[in-house]
Each structure stands twice: as C-alpha cells, then as structure tokens.
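I am opening a fresh notebook page for a structure that is new to me. Come along as I look things up one by one.

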Amino acid sequence: QVRLVESGGGLVQAGGSLRLSCVASGSIGRIKTMAWYRQAPGRERELVAIVTSGGTTNYADSVKGRFTISRDNAENTVYLQMTSLLPEDTAVYYCNADVSRFQFTNNYWGQGTQVTVSS
C-alpha cells in the first residue's frame, strides 16, 4: 500500500503565495506521474498540474504562469508552488500519483489540503 500525505495548505490573501508538499510512502517501486488536482465546493475535481518521472510538466490554463510543479524523486515528494493567488483558487488540493511495484501500477490519492484565498 502507498500513502500520500499533503501539507502546506492554509488561508492567504489574494496576491499571496503558498507551497504545497506531498510525500509518498509505503510499498513504492517507482513513482511515475505525480499531479495536483483541486476541487472547489459544488464543482468537479480538476487537474491543476502534472509532472512526469522525467520532469515534463503541464498545467491547467487557469494556473499557467502562476503555479509551478516540481518533484524530488529521491524524497518521493511533489511540490506545488502557488503565487499570485486568486480567490477562485480556493479549493481542496489533492495529490495524485501513479506508483508501480513489480509489474503493477496503481493510482493513489492523498487526503487533500484546504487552500483558502481571501479577497
């Protein structure tokens, strides 16, 4: 079993910054893609940013130029640096990872961390 634990959420004023972290632990062979999703009240969960094991990144249009995803493969950790935050960035942010062990690959979710941006 693999566990993803997020941290770094909180309350921030519009224009401010936050850095989210997500650490994976457990029966890990290799972590493939790691990503951040978010879900605002009354809305569907959406992809925010994704990073492959080779470091290729992709972002939702709404966060391009403001958010940066990165990973530390040695520490099984993915980060999301969020700058120029807007009230519409308010959501629960979830870490997601594809983890392989032997010939199997499974997808895992963290428990989520709340980000609230006040206007």
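**Entry 1: buried or not.** I start with a cut-off: a residue counts as buried when its relative accessible area is under 20%, as exposed when over 50%, and as partly exposed in between. I also note that this is a predicted model. I tried the rule on Tyr-94, which has a relative accessible area of 14% and is therefore buried. Trp-109, at 38% relative accessibility, counts as partly exposed.

**Entry 2: the rings.** I looked up aromatic pairs next and found two. In one of them, the ring centres of Tyr-94 and Trp-109 lie 6.4 Å apart with the planes at 85°, so I wrote this pair down as edge-to-face. Tyr-94 belongs to strand β9 and Trp-109 to strand β10 (residues 104-109), so to speak of where they sit: the pair links distant parts of the chain, 15 residues apart. Which residues do ring pairs link into a cluster? I found Tyr-37, Tyr-94 and Trp-109.

**Entry 3: charges over rings.** Tyr-94 came up again here, since Arg-45 lies over the face of its ring, at 3.7 Å from the ring centre. I noted another case at Tyr-79, where the charged end of Arg-19 sits over the ring, 4.0 Å from the centre.

**Entry 4: the disulfide.** How many disulfides are there? I counted one. Cys-22 and Cys-95 form it, with their sulfur atoms 2.1 Å apart. The bridge joins distant parts of the chain, for Cys-22 is in strand β3 (residues 18-26) and Cys-95 in strand β9 (residues 91-101), 73 residues apart. I checked the torsion about the S-S bond too: it is about -80°, so the disulfide is left-handed. Are these two cysteines buried or exposed? Both Cys-22 and Cys-95 are buried.

**Entry 5: a sheet.** Strand β3 led me on to an open sheet of four strands, in the order β1-β3-β8-β7 with antiparallel pairing. The edges are β1 (2-7) and β7 (67-72); each has a single partner strand, so one side of each is left without a neighbour in the sheet. From one strand to the next, I find that the twist averages 15°. A reminder to myself: strands of a sheet pair through backbone hydrogen bonds, either parallel or antiparallel. I then looked at β1 and β3, which run antiparallel and are joined by six bridges. Arg-3 stands opposite Ser-25 in β3.

**Entry 6: salt bridges.** My count here is four. I began with Arg-38 and Glu-46, whose closest N and O atoms are 2.7 Å apart. Arg-38, at 6% relative accessibility, counts as buried, whereas Glu-46 is partly exposed, with a relative accessible area of 30%.

Arg-38 also forms a salt bridge with Asp-89, the closest N and O atoms being 2.9 Å apart. This pair links distant parts of the chain: Asp-89 is in the loop between β8 (77-82) and β9, and Arg-38 is in strand β4 (residues 30-39), 51 residues apart.

Asp-89 has a salt bridge with Arg-66 as well, with 2.7 Å between the closest N and O atoms. I located Arg-66 in the loop between β6 (57-59) and β7, 23 residues apart from Asp-89. Arg-66 and Asp-89 are both buried.

Which residues are linked in a network of salt bridges? I put down Arg-38, Glu-46, Arg-66 and Asp-89, and close the page there.

Notes. Residues numbered from 1 in each chain as written. Predicted model: local features only at pLDDT ≥ 70, side-chain atom pairs only at ≥ 80, totals over all residues. Heavy atoms only, no water. Disulfide = S-S within 2.5 Å. Helix = DSSP H or I, 4+ residues; strand = E, 2+ residues; numbered from the N terminus. Buried < 20%, exposed > 50% of the residue type's maximum accessible area, 1.4 Å probe, protein only. Pairing = 2+ DSSP bridges. Axes fitted to C-alpha atoms, helices over the stretch in contact; angles between N-to-C directions. Phe/Tyr/Trp six-rings, centres within 6.5 Å; stacked < 30°, edge-to-face > 60°. Lys NZ or Arg CZ within 6 Å of the ring centre and 35° of its normal. Salt bridge = Lys/Arg side-chain N within 4 Å of Asp/Glu carboxyl O.
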